[in-house]
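User: I'd like to go through this model and ask what stands behind the labels. Can you take me through it?

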Amino acid sequence: MKKMLEVELLKLKNSWVLLVATLAPGFMVFQGVANFLRYYELFTSRGQNVWHQIYLQSSIFYVSAMLPVLITLIMVSIARIEYKSGGLRYFLTLPVKRSGVYAAKLIVGCMVCLFNVLVFSLSLLVAGKVINAPGSIPYDIILTKPLMVYIASLPVMIITFLLSINISQMGIPLGIGIGFALPSLLVANTRYWVFYPWTYPIMAALGGDFFEKAYFPFAAGFLIFVLLAFAGLRWFMEKDVLD
Amino acid sequence: MSELVVETQDLTKKYGNFTAVDGIDLQVRKGEIYGFLGPNGAGKSTTIRMLLGLVKPTRGDARIFGLSIRQSPMEILKRVGAIVESPSYYGNLTAVENLEITRRILGADKKEIDRVLEIVNLSQWKNKKVKNFSLGMKQRLAIAQALLGNRELLILDEPTNGLDPAGIHEIRQLIKNLPGMLGVTVLMSSHILSEVELTATSVGIISRGRLLFQGTLEELRRKSETEICIEAHPQDKALKFLESKGLKVKARGNRLFIKKNSLDAAALNRALVMEGFDVTHLSTERKNLEDIFLEITGGDAL
């Protein structure tokens, strides 16, 4: 498996996906902090925690719009590498197990997404330090919260992964991934959000501790991920490679 | 009879009601270059994909090195190098990095990369990104990938497709030299008759999913004996007359065809005229491979 992961990482070399995954969260935090500074008085007038405000301002953009789109882009790119010039049909003629190829690609995809979330965390830390936020660094806000968001994003990851790996035209997974991401903030404000996995990261990030079923995005997210990952594996192992 | 490297039994693939490959029994012997010939859409690629485990057969089995591709794909694929349709590569990587992927999977020696680059003459471009390669260079890289790690069987699907004449010549020479140079067996598909004629030692002809001929190129050529072609009137009576002389006659259109063998065309002509037939045309014709091919496939042109 180590060998398969190394090979999958090698395939990503010179690909713009790692660059985007690195730069985009930093940009979002920059936006968030800029917004926060613009309305500094308003956001701190009642003695709110500056760290928390940085987190809040950054994650509204990041979690509701940027993250699901980035996840889609990451998953589509990882599959795109295989379909653009017949890589997959060649790679599968090598002595590799299909289950191994599937697992390695899924793991690498999820790791790049995790990397993306960690860059977001790091950007929050840097932002807080740069504007001299008072108090000790609240890791539960700037690290634990984003990691919770990551877990709540697992369904989005597996859905976009399965679409990308099974459909050789990238337009379809790209369209579905981004199309479903856009209305997620609206759906999150209705009680139907539980049926819409794209809202889970939003609930995890911004739902706070007030709403009922605070555990739901994580439990459902994890369960959906595991079920779809195994269903997709079966599919991938039986699939005729025609592209 | 030498050892069979590839052997399929009743290999069949159906997509719904459409039978892409229909009960094929391929036999490829060790050390030969087997040309798998057929028009586009005849089922060549599907067969090759089944041999490589990319497509699951609906029925039948493919055995390579005596092992079943269904049961032991890993053991087989270690020893088989392949190109499936257009050359496959990762465009964002260099030639060396593409080969490195293959090398790591096979666990081959680092030196293998330089060796195969040397064989296909790509050493000087080895650190260039493959997406900037010409089609010929990509094709050569694909062959290098297939050769890496001393594979015993090469399965090459349309290896000269889309190349310019110089490229075709180069790849053809390379393939021809492979069995002698490296001791490999080659199974290559093509829709170009002359291609197979110039490269292969054995031929399998496939059309509409069925294997219509299989044998050496010699055996295929032997089908191309000379025929005497006659136009005589009235034709049906002439046919009966010739048959009564113990000849095997075939009527095609308004002409009669008889295998030449040791037959004397002049004597035949004389006999017909003496019998009162009007002979308006008489010629001896030698069928070329193209004619044989058309005859075998029932008119499905390449």
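**One helix and one sheet**

Analyst: Sure. Keep in mind that this is a predicted model. Helix H1 (residues 2–11) of chain A is a good place to start. What covers its buried residues includes helix H4 (50–84), helix H5 (87–91) and helix H6 (98–130) of chain A, together with helix H3 (95–106) of chain B.

User: Which residues of H1(A) are called buried?

Analyst: A:Met4, A:Val7, A:Glu8, A:Leu10 and A:Lys11. Buried means under 20% relative accessible area, so each of these falls below that cut-off.

User: What puts them on the same side of H1(A)?

Analyst: They cover an arc of only 160° around the axis, so they share one side of H1(A). In general, an α-helix has 3.6 residues a turn, so residues three or four places apart point the same way.

User: And which residues are exposed on the other side of H1(A)?

Analyst: A:Lys2 and A:Leu9.

User: Now chain B. What is the strand order in the open sheet of four strands?

Analyst: S13-S14-S12-S15, with antiparallel pairing.

User: What makes S13 and S15 of chain B edge strands?

Analyst: Strand S13 (249–252) and strand S15 (278–286) each have a single partner strand, so one side of each has no neighbour in the sheet. From one strand to the next, the twist averages 25°.

User: How do you know that S12 and S14 of chain B pair?

Analyst: Pairing takes at least two bridges, and four join S12 (residues 226–233) to S14 (residues 255–259), so they count as a pair. They run antiparallel, and B:Ile230 stands opposite B:Leu256 in S14(B).

Definitions and conventions: Residues are numbered from 1 along each chain as its sequence is written. Chains are lettered from A and ligands numbered from 1 in the order in which they are written. This is a predicted model: local features need pLDDT of at least 70, side-chain atom pairs count only at pLDDT 80 or more; totals for chains, interfaces and linings use all residues. Side-chain values use heavy atoms; hydrogens and water are left out. Buried means under 20% relative accessible area, exposed over 50%, partly exposed in between (1.4 Å probe, protein chains only). The arc is that of the directions from the helix axis to the C-beta atoms. Contact means heavy atoms within 4.5 Å. Axes are lines fitted to C-alpha atoms, for helices over the stretch in contact, and angles run from 0 to 180 degrees between N-to-C directions.
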